[in-house]
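Subject: Structure for your review

Dear colleague,

Please find below the structure that I am handing over to you. My notes on what was found in it follow directly after.

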Amino acid sequence: MGLVVNEAMAASLPVIVSDACGCAEDLVIPNRNGFVFRSGDAEHLAECLRQAVAANLEAMGRSSRTIIDQWTLAHSGRSLVACIAYVLALPASERAVDQR
C-alpha cells in the first residue's frame, strides 16, 4: 500500500483509486470521499472521473480528512491480521515465498 492516498486524504482531497489499490477497501467510501474503479477498466475510470467532476469535491475532501484523522494504529493492526489470516488460508502451493 502506497502512502499517496493517505497523504491526499490528510490534505483534505478526494481520491480516485483502483480496486487493486491496497487501501481502497479500508479508506475509500465511494461517493463520500472518493471513487473506486475496476482495475484495468478504462471506461469505469472515465465514469468515476465524470462523477468526480459533478461531485462536491470540497465536501468529499473534508470527508477524506475526517476518515484519515480517525485512522488509528488499531485499524492498521486489524488490517494486518486480516491479511495474514488470508495468506495462511491459502494452500501452501499458492503462497509465494522467495527463498533467496
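**Findings**

Asp-69 has a relative accessible area of 51%, so this residue counts as exposed, the cut-off being over 50%. Please keep in mind throughout that the model is a predicted one.

**Salt bridges**

Asp-69 is also a partner in a salt bridge: its side chain meets that of Arg-65, with 3.0 Å from N to O. The two residues are four apart in helix α4, and therefore about one helical turn separates them. Arg-65, at a relative accessible area of 36%, is partly exposed.

Helix α4 holds another such pair, Arg-62 and Glu-58, which are likewise four residues apart, about one turn of the helix. Their side chains form a salt bridge with an N to O distance of 3.3 Å. Glu-58 is exposed at 59% relative accessibility, while Arg-62 is partly exposed at 47%.

In a further salt bridge, Asp-41 pairs with Arg-38, and their closest N and O atoms are 3.1 Å apart. Both partners are partly exposed: Asp-41 has a relative accessibility of 23%, and Arg-38 has a relative accessible area of 44%. How many salt bridges does the structure hold? There are four, including those described above.

Helix α4 also contains Ser-63. This serine is buried, with a relative accessible area of 15%. Leaving aside residues up to four places away in sequence, Ser-63 touches Arg-32 and Asn-33.

**Helix α3**

Asp-41 appears again at the start of α3, where one of its side-chain oxygens comes to within 3.2 Å of the backbone nitrogen of Glu-43. Helix α3 itself runs over residues 42-54, 13 residues in total. From first C-alpha to last it reaches 19 Å, close to the 18 Å expected at 1.5 Å a residue.

Which residues of α3 are buried? They are His-44, Cys-48 and Ala-52. These residues lie on the same side of α3 because they cover an arc of only 85° around the axis. Among the elements that cover them are β1 (15-18), β2 (34-37) and α4 (57-69). The face turned away from this buried side carries the exposed residues Ala-42, Glu-43, Arg-50, Val-53 and Ala-54.

His-44 deserves a separate note. Its relative accessibility is 18%, so it counts as buried, the cut-off being under 20%. A polar atom of the His-44 side chain lies 2.9 Å from the backbone nitrogen of Arg-38. Residues up to four places away in sequence not being counted, His-44 touches Val-36, Phe-37 and Arg-38.

**Nonpolar cores**

The largest nonpolar core has eleven residues: Val-5, Ala-8, Met-9, Val-15, Val-17, Cys-23, Ala-24, Leu-27, Val-28, Ile-67 and Ile-68. Two or more residues each come from α1 (4-10), β1, α2 (24-27) and α4. Helix α1 gives the largest share, three residues. A second, separate core has five residues, including Phe-35, Cys-48, Ala-52 and Met-60. Cys-48 and Ala-52 are already familiar from the list of buried residues of α3.

Two members of the largest core may be looked at individually. Val-5 touches Val-15, Val-17, Cys-21 and Cys-23, not counting residues up to four places away in sequence. Val-17 lies in strand β1 and is buried, with a relative accessible area of 6%. With the same sequence neighbours left out, Val-17 touches Val-5, Ala-24, Val-28, Phe-35, Val-36 and Phe-37. Val-17 and Ile-84 are 67 residues apart in sequence, and their C-alpha atoms are 23 Å apart in space.

**Two backbone angles**

Most residues other than glycine have a negative phi. Where does a positive phi occur in a residue other than glycine? One case is Ser-12, with phi near 60°. Ser-12 sits in the loop between α1 and β1 and is partly exposed, at a relative accessible area of 32%. Another case is Asn-31, which is not a glycine and has a positive phi of about 70°. Asn-31 is located in the loop between α2 and β2 and counts as exposed at 57% relative accessibility.

Yours sincerely,

A colleague

Definitions and conventions. Residues numbered from 1 in each chain as written. Predicted model: local features only at pLDDT ≥ 70, side-chain atom pairs only at ≥ 80, totals over all residues. Heavy atoms only, no water. Expected span 1.5 Å × (residues − 1). Buried < 20%, exposed > 50% of the residue type's maximum accessible area, 1.4 Å probe, protein only. Arc of directions from axis to C-beta. Contact = heavy atoms within 4.5 Å. Polar contact = N/O pair within 3.5 Å; in protein donor to acceptor, adjacent residues only side chain to side chain. Core = buried A, V, L, I, M, F, W, Y, C linked by side-chain atoms within 4.5 Å.
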